[in-house]
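Student: I would like to learn how to read the features of a protein model, one at a time. Could we look at it together and begin with charged side chains?

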Amino acid sequence: NVLGWSLYDLFLMNWLRSLPAAQIHVTYLDELAERPLIVMRSIEKHLGIAKHRYPEALHTAYNARGAYGWATRSDSLLAASSMEDRHLEDRHLDGSKRSVARLR
């Protein structure tokens with residue numbers, strides 16, 4: 001994983017000390033990748049702005065896995081990641097999502 005582990009729930013707790021929960025909108029990258037228009041509509045609604053007409057490029061994946069522009073280095077790093085690593089990342093993400101849901 002290029003980005004590594006995340007601890008968004010900890011940072012969100014800090015934001016919630018300063019802002020009401022209604023002013024915070026959480027989205028996930030996997031949701032944006034799978035349903036970009038729905039995610040963008042939820043952001044527009046949260047911000048109270050008009051719906052935008054997005055080009056078809058909204059559904060285009062840039063910097064997709066294996067296409068970071070780091071030719072051989074990324075290829076070898078991706079090949080080295082194991083299924084166990086991916087399983088651990090998935091478990092961590094699930095735990096983080098549950099923590100964020102409890103904050104709402």
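Student: Which residue forms a salt bridge with Glu 34, and how far apart are the closest N and O atoms?

Tutor: The general idea is that side chains of opposite charge can pair when their charged atoms come close. In this predicted model, Glu 34 pairs with Arg 35, and the closest N and O atoms of the two are 3.1 Å apart. As for their surroundings, Glu 34 is exposed, with a relative accessible area of 53%, while Arg 35 counts as partly exposed at 37%.

Student: How many salt bridges does the structure hold?

Tutor: The structure holds 2 salt bridges, and one of them joins the side chains of Arg 41 and Glu 44, with 2.9 Å from N to O. These residues are separated by about one helical turn, because Arg 41 and Glu 44 lie 3 residues apart in helix 3.

Student: Is Glu 44 buried or exposed?

Tutor: Here a cut-off helps, since a residue is called buried when its relative accessible area is under 20%. Glu 44 has a relative accessible area of 2%, so Glu 44 is buried, whereas its partner Arg 41, at 25%, counts as partly exposed.

Student: Which residues make the nonpolar surface patch?

Tutor: Leu 7, Leu 10, Phe 11, Met 13 and Trp 15 make this patch, which covers about 520 Å². Leu 7 is found in the segment before helix 1, the helix that spans residues 8-18, and with a relative accessible area of 45% Leu 7 is partly exposed.

Student: How many helices and strands does the chain have?

Tutor: The chain has 5 helices and 0 strands, and, read from the N terminus on, its elements run α-α-α-α-α. Buried residues make up 12% of the 104 residues in the chain, and the accessible surface of the chain comes to about 8,400 Å², of which 58% belongs to carbon and sulfur atoms.

Student: Which element has the lowest mean pLDDT, and which has the highest?

Tutor: It helps to know that pLDDT is the predictor's confidence in each residue, on a scale from 0 to 100. Helix 4, residues 71-80, has the lowest mean value among the elements, 48, and helix 3, residues 36-47, has the highest, 95. Over residues 72-77 the pLDDT stays under 50, and for this stretch the model has 3 contacts beyond four places in sequence. For the chain as a whole, the average pLDDT is 75, and 53% of the residues score at least 70.

Conventions
Residues are numbered from 1 along each chain as its sequence is written. This is a predicted model: local features need pLDDT of at least 70, side-chain atom pairs count only at pLDDT 80 or more; totals for chains, interfaces and linings use all residues. Side-chain values use heavy atoms; hydrogens and water are left out. Patches are made of residues with over 30% relative accessible area and no salt bridge: like charges are joined within 9 Å, nonpolar side chains (Val, Leu, Ile, Met, Phe, Trp, Tyr) within 5 Å. Accessible areas come from the Shrake-Rupley method with a 1.4 Å probe; for residues, only the protein chains shown count as cover. A salt bridge is a side-chain nitrogen of Lys or Arg within 4 Å of a carboxyl oxygen of Asp or Glu. Helices (H or I, at least four residues) and strands (E, at least two) are DSSP runs, numbered from the N terminus. Buried means under 20% relative accessible area, exposed over 50%, partly exposed in between (1.4 Å probe, protein chains only). Contact means heavy atoms within 4.5 Å.
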